[in-house]
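Here's a quick briefing for anyone meeting this structure for the first time. Have a look at the sequence and the model, then read on.

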Amino acid sequence: MSDELTTLAQDASPASTGAFPRRTFAIISHPDAGKTTLTEQLLLFGGVIREAGMVKARRERRNTRSDWMAIERQRGISVTSSVMTFTWHDVVFNLLDTPGHQDFSEDTYRTLTAVDAAVMVIDAARGIEAQTLKLFEVCRLRDIPIITFVNKIDREGQDPFTLLDEIANTLALDVCPLVWPVGMGGLFRGCWDIRANRPIGRVAPDGEPAEPVTIPDDQMADLRDAVELAGAYPAFDREAFLAGHLTPVVFGTALKDYGVLELLSLLAEHAPPPTTQRAEPHPVRADQKSVTGFVFKVQANMDPNHRDRIAFTRICSGRFQRGMKLLHVRTGKPMAIQAPIFFFAQDRSLAEEAFPGDIIGIPNHGSLRVGDTLTEGETLRFTGIPSFAPEILRRVVLTDPMKAKQLRRALEDLAEEGVAQVFRPMLGADWIVGVVGALQLDVLQARIDAEYKIPIRFEPAPYVTARWISSPDPKRLKDFIEANQSTLGHDRDDSPVFLARDTFSLRFTAERWPEITFATTHQSAS
């Protein structure tokens, strides 16, 4: 980390902010809606970076802080979740930037288990898109409050009322516009704060005064009519927002700093503080005194030179302090957390202490997995972090047989991250990888080559899908496994998996063995 960024990181770190209020949120969107640009503008306001990067920018320009992998910079997309921590007006923000591409939706789902709110970014020209809808449904399942940011209003787009009605009808949400566009595209003149009844100019993150807004008389008349009509939508109700029934809507343009400050203010004022987390045998309240947390993501090789391995951990309760010994519930063994870190995308700083809502990274050598629970001694398990049945299965072909052991390590490392799922058939020596989308295969191949120096290729596997199998009758499960070894394998947790050669065989086998459950999701062991 550079000296300048180190100073900024220390200033923004929760280690120096005590028990300031926390706001832990994710940004979700369809690809190309402007999520990365908005992320960087928020970081600029938080003082974590001095200059916004541009994805796929010229070599002499800085790349984005949040997209740190080479493949992300080359393709101009986010393919892994990253975490940025910053402070603004005595509020600590933990921003989780999620992949926008649908092929990485499983990583996004796991990330959403660690947040208390979400910002949904919508392109003003395209409206609600497929991935936006899919991610919204995930938020709805977890009752996550959502703030909507309609981006790119400085370009030609749909009528604001059309967009509001689309959000309301498609997502079955009440909408409450708070910031309105003054013209769009070539007629864009700025924004209007509906509640304060005032114009909003461009507000630069460096603290310069807002630029004045000049609105021609004809646009002013149209604006007053629009604001009056917008009053027909429900008024902002914080309880309805926190319950997930209402979404406040901010129109803006992240690239030109319109509406970003208002969005940040909305998050600080109304986004929920750390909330109760689902767990067994009982939920965990944020005000519980003992420390608890769960791992929602594992990232290997953020620094390829050091072969590091970081477990992204959400602190759910208590005051965590560096050096604490916590119970690793899955193994039943104590674990000393000596060098926890806070994140600034690829950069990091030492975390002396952390509070509920904070995301810390725990360096480890493979002992922590996604779904693991850490406590001060209580045996409990945080729930709701499943794996999903893959839609594409491929056989891994190793071009250098002498690197079989290294390949196993690479596949297990990346499987624990969620880059892909890995299955080992009971019969045979092949590795089978399963992914949700084809782009995951490109990422998997590129990372194995770049980080482990192992050239591989993929070939079609003799299977079309995978199902986790279980049964309340241990004997019937044992009988099934003995009778179907040619179509069975194990995942990385050694859980048995049925590898179906086609949909007919899956249906036929399920009908023949009614005592066996063929599950499309699998709860991570903790």
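This predicted model has an open sheet of eight strands, and its pairing is antiparallel. The strands come in the order β26-β23-β25-β24-β28-β29-β27-β30. The notes below start with that sheet, then turn to the helices and another set of strands.

**The eight-stranded sheet**

- At the edges you'll find β26 (456–460) and β30 (517–519), each of which pairs on one side only.
- Neighbouring strands here are turned by 40 degrees against each other on average, if you ignore direction.
- Zoom in on one pair: β23 (residues 392–398) and β25 (residues 432–435) are linked by four bridges and pair in the antiparallel sense.
- Want a landmark in that pair? Look for R394, which sits opposite V433 in β25.
- As background, strands of a sheet pair through backbone hydrogen bonds, in either a parallel or an antiparallel way.

**A helix lying across the sheet**

- Helix α12 (residues 474–483) lies across four strands: β27 (465–470), β28 (488–490), β29 (496–500) and β30.
- Relative to β27, helix α12 runs at about 145 degrees.

**Two helices that pack together**

- Helix α10 (residues 404–417) packs with helix α11 (residues 438–452) at an angle of about 125 degrees, and their axes are 11 Å apart.
- Because of that angle, α10 counts as oblique to α11.
- The crossing of these two helices, α10 and α11, is right-handed.
- On the α10 side, the contact is made by A410, L411, D413, L414 and E417.
- On the α11 side, L444, R447, I448 and Y452 make the contact.
- Sorted by class, the contact of α10 with α11 has six nonpolar and three charged residues, with no polar ones.

**Strand β11 and its partners**

- Is strand β11 (residues 292–300) mostly covered or mostly open? It's mostly covered, as nine of its nine residues are buried.
- One partner of β11 is strand β12 (residues 309–317): eight bridges join the two, and they run antiparallel.
- To spot that pairing, find V298, whose bridge partner in β12 is A311.
- Strand β20 (residues 373–375) also pairs with β11, through three bridges, and these two strands run antiparallel as well.
- Here the residue to look for is G293, which stands opposite L374 in β20.
- One more bit of background for looking at strands: in a regular strand, the side chains alternate between the two faces of the sheet.

How values were computed. Residues numbered from 1 in each chain as written. Predicted model: local features only at pLDDT ≥ 70, side-chain atom pairs only at ≥ 80, totals over all residues. Heavy atoms only, no water. Buried < 20%, exposed > 50% of the residue type's maximum accessible area, 1.4 Å probe, protein only. Pairing = 2+ DSSP bridges. Axes fitted to C-alpha atoms, helices over the stretch in contact; angles between N-to-C directions. Parallel < 35°, antiparallel > 145°, perpendicular 65-115°, else oblique. Left-handed = near helix turned anticlockwise from the far one by under 90°. Contact = heavy atoms within 4.5 Å. Nonpolar A, V, L, I, M, F, W, Y, C, P; charged D, E, K, R; others polar.
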